[in-house]
Amino acid sequence: MKERSRPKALQFRGGGITALFLFVHLFSYVAFSPAVLAADKEKFTIAYASEWSPYSYGLGADVQGILPRLMDSIFAGIEDYEVVHSGLPWERAQQVFFGGLVDGMVTTATQKRLKYSRPSREAALEIPFHPIIRVDSEFEEDILRDPELKVLKDLRYCDVLGNGWAEEFYSNRGIEYSIAPTIDHCLLQLSLNRVDVVVHAKPVLEIFKTRLGLGEQLKIVDLKYEESPQFPLLVSNSFERAPDLIEKFDREIAQLKSNGAYDDLMSAFVAAEKSGKPD
């Protein structure tokens with residue numbers, strides 16, 4: 001009986017070169033397919049404050065806000081790592097971070113936190129703080145001439161309960177200020193002429209000014225304070241690949257900032273929060 005010939009693609013011609021070529025080709029396709037590459041990425045879990053709107057809000061994997069979306073965009077350019085989000089009450093978030101149960105946080109690098117982690121060199125999040133006043137205010141030129149507010153100490157200021165940045169800012173200037181439960185209370189008081197100036201995070205002011213319908217009544221002064229906070233990515237000492245991740249994170253952040261992409265991302269995220277349609 002005549003032997004049935006093999007399909008040409010499987011004939012071992014030339015010392016098996018054809019078969020070897022097919023094997024290498026198939027291996028390359030499988031090994032470097034998106035599904036396999038995704039499986040090879042190491043998960044990096046970041047804990048966020050669950051009540052820090054618009055930067056982060058919501059519990060567990062459902063946490064939303066500017067910061068989780070920013071981290072998604074940054075990690076999209078970092079090979080070998082996949083970011084996972086977890087929203088928690090702030091004190092709880094810190095405790096699980098100190099215990100090594102999550103890998104990272106984006107916050108100020110206090111001495112206590114640095115006992116448990118190492119920071120990125122580049123700031124992961126920058127929050128510009130600006131004054132906001134009524135559009136008919138007579139104090140704009142004075143504020144621009146006197147950022148230290150030396151001759152404006154008797155004005156009425158407002159900020160929110162528990163804002164450590166505001167406590168230090170006003171304490172350094174010897175200024176007393178009223179305390180409200182949330183920033184929208186301060187802005188409403190400003191619109192009603194019960195306070196004169198609010199100094200707060202510009203993205204927050206933009207979002208709440210729009211949400212409260214105060215766009216025509218309030219004006220953000222074009223003055224960014226030097227004390228505006230910058231938050232690095234803190235990587236837990238328990239994360240074995242911390243040096244590699246930080247190096248790649250810094251490189252990606254520097255690239256995004258150098259080409260203007262970082263500012264574009266932040267503008268898009270703030271606009272989404274202002275519209276009430278973040279996703």
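The torsion about the S-S bond of Cys158 and Cys186 comes out at about -70°, so this disulfide is left-handed. That value, like everything else here, is read from a predicted model. The bridge puts the two sulfurs 2.1 Å apart, and the structure holds 1 disulfide. Distant parts of the chain are linked by the pair, with Cys158 sitting in strand S8 (residues 157–160) and Cys186 in helix H8 (residues 183–191), 28 residues apart. Both ends are tucked away from solvent: Cys158 is buried, and Cys186 is too.

Stepping back to the whole fold, the protein is built from 11 helices and 12 strands. Of its 279 residues, 44% count as buried. Contacts reach well along the chain: taking those between residues at least 6 apart in sequence, 72% join residues at least 24 apart.

Much of the rest of the picture hangs on the nonpolar cores. The largest one has 68 residues, and within that set Met71, Phe75, Leu125, Ile143 and Phe249 touch the most other members. A second, separate core has 9 residues, among them Ala47, Leu88, Val96 and Val102. Back in the largest core, Ile143 makes a good example of how the chain comes together. Once neighbours within four places in sequence are set aside, Ile143 is in contact with Pro131, Ile133, Leu149, Leu152, Val197, Val221, Leu223 and Tyr225.

Three of those top-ranked core members, Met71, Phe75 and Phe249, turn up again where two helices meet. Helix H3 (residues 66–75) and helix H10 (residues 242–258) have axes that come within 10 Å and cross at roughly 100°. A crossing between 65 and 115 degrees counts as roughly perpendicular, and H3 and H10 are therefore roughly perpendicular to each other. On the H3 side the contact is made by Met71, Ile74 and Phe75, while H10 contributes Leu245, Phe249, Glu252, Ile253 and Leu256. By class, the residues of this contact split into 7 nonpolar, no polar and 1 charged.

H3 also shows up as a packing partner of helix H9. The buried residues of H9 (residues 202–211) are Pro203, Val204, Leu205, Ile207, Phe208 and Lys209, so a lysine falls under the 20% relative accessible area used as the cut-off for buried. Besides H3, these buried residues pack against strand S7 (129–134), H8, strand S10 (197–201), strand S11 (218–220) and helix H11 (261–275). H8 is also the helix that carries Cys186 of the disulfide. Just past the end of H9, Gly213 adopts a positive phi of about 70°.

Two loop residues make a handy contrast. Ser137 lies in the loop between S7 and helix H6 (140–145), and with a relative accessible area of 15% this serine is buried. Its C-alpha lies 8.0 Å from that of Asp196, although Ser137 and Asp196 are 59 residues apart in sequence. Leu59, in the loop between strand S3 (56–57) and H3, is exposed instead, at a relative accessible area of 55%. Even so, Leu59 has partners beyond its neighbours within four places in sequence: Ser50, Gly87, Leu88 and Pro89 are in contact with it. One of these, Leu88, belongs to the second core. The C-alpha atoms of Leu59 and Tyr48 are separated by 8.8 Å, with the two positions 11 residues apart along the chain as sequence separation.

Methods
Residues numbered from 1 in each chain as written. Predicted model: local features only at pLDDT ≥ 70, side-chain atom pairs only at ≥ 80, totals over all residues. Heavy atoms only, no water. Core = buried A, V, L, I, M, F, W, Y, C linked by side-chain atoms within 4.5 Å. Buried < 20%, exposed > 50% of the residue type's maximum accessible area, 1.4 Å probe, protein only. Contact = heavy atoms within 4.5 Å. Axes fitted to C-alpha atoms, helices over the stretch in contact; angles between N-to-C directions. Helix = DSSP H or I, 4+ residues; strand = E, 2+ residues; numbered from the N terminus. Parallel < 35°, antiparallel > 145°, perpendicular 65-115°, else oblique. Nonpolar A, V, L, I, M, F, W, Y, C, P; charged D, E, K, R; others polar. Disulfide = S-S within 2.5 Å.
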